[in-house]
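Subject: Structure handover

Hello,

The structure is below. My notes on it follow.

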Amino acid sequence: MAAPLGREFFAGDARCVARALVGKLLVHPDGRVARLVEVEAYMGTDDPGSHAFRGPTPRAAIMFGPAGYLYVYFSYGMHWCANVVCGPEGTASAVLLRAAEPLGGVGAMRLARSHGQKVLRDLDLCRGPARLAEAFGITGEMNGIDLVASAGAGAGNGPGAGNGPGAGNGPGAGNGRSLLWLADDGAGAGGPVVATPRVGLSASRAPELPWRYVVAGSSWASRPAPG
DNA sequence: GGTAAGATCAGC
DNA sequence: CTGATCTTACCA
């Protein structure tokens with residue numbers, strides 16, 4: 001049983017939320033499920049590594065909004081990366097989803113990730129932020145969606161319930177209408193979670209801060225972590 | 001209106 | 001290690 005995470009889960013300090021998210025599940029309504037093994041916290045106007053450092057620019061504005069929404073940005077002219085907005089409204093922070101262990105819907109992930117006829121190992125499906133986003137079909141069109149189930153998630157068969165992909169089969173049935181959400185199955189991270197410096201930031205622009213949280217020794221992570 | 005750098009990945 | 005590929009934000 002995997003209980004969807006509510007908005008209050010994301011409303012705290014992004015660094016605490018990030019650490020707590022390791023071991024949680026990312027769930028797509030079509031049955032794709034993966035356990036997060038690596039995330040990073042990005043803060044607001046005090047964090048030079050954050051997109052919100054320059055204030056609420058059009059791209060970063062969503063980071064200043066309420067917690068529990070998806071922030072998707074386009075990276076290096078070809079990749080999408082997925083974040084969860086954290087903290088109280090008016091402050092900016094988010095958690096970047098960097099890597100996960102595929103648990104369900106692996107076929108759909110492989111399909112979403114296959115660019116040619118190349119065969120991808122399970123290990124390569126979600127190992128890295130752009131790979132993870134691609135495996136779950138996350139693109140800019142999903143920027144700003146609510147990752148938290150709306151109240152009264154029960155039936156969801158109203159007059160307007162017809163649109164949207166994959167209405168209500170699979171594990172997603174409990175959530176109502178989100179296109180994507182996070183859940184807790186109680187299993188935890190399966191090992192110690194360690195904090196390391198964030199990946200990919202130029203050292204000259206941002207000081208090294210240990211805001212990357214990763215399961216020690218996990219081979220599902222985008223790069224090895226001490227363990 | 002021009003430009004440099006970027007929360008990356010895949011192929012040599 | 002390097003190329004791909006384009007948006008964002010900053011500067012003139």
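**Pocket and DNA contacts**

α4 gives the lining of the largest pocket five residues, the largest share. (Helices are DSSP runs of H or I, at least four residues; strands are runs of E, at least two; both are numbered from the N terminus.)

This is a predicted model: local features need pLDDT of at least 70, side-chain atom pairs need 80 or more, and totals for chains, interfaces and linings use all residues. Residues are numbered from 1 along each chain, chains are lettered from A, and side-chain values use heavy atoms, without hydrogens and water.

The pocket first. Its volume is about 960 Å³. (A pocket is an open set of points on a 1 Å grid over the protein atoms alone, where a 1.4 Å probe fits, with protein on both sides within 12 Å along at least five of seven lines; lining residues have an atom within 4 Å of a point. The volume is the space filled by probe spheres set on the points, which are joined across faces, edges and corners.) The lining has 40 residues. H51, Y73, S75, Y76 and C81 lie nearest the centre.

Now DNA strand B. There are 22 residues around the strand, with H51, Y73, N83, K118 and R131 coming nearest. (Near means a heavy atom within 4 Å.) Sugar and phosphate make up 57% of the strand B atoms within 4 Å of the protein. α4 again gives the most to this surface, three residues.

Three atom pairs to check:
- G49, polar backbone atom to a base nitrogen of strand B: 3.4 Å.
- R98, side-chain N or O to a phosphate oxygen of strand B: 3.4 Å.
- P129, polar backbone atom to a phosphate oxygen of strand B: 3.2 Å.

Best wishes

Notes
A polar contact is a pair of N or O atoms within 3.5 Å; within protein, one must be able to donate a hydrogen and the other to accept it, and residues adjacent in sequence count only if both atoms are side-chain atoms.
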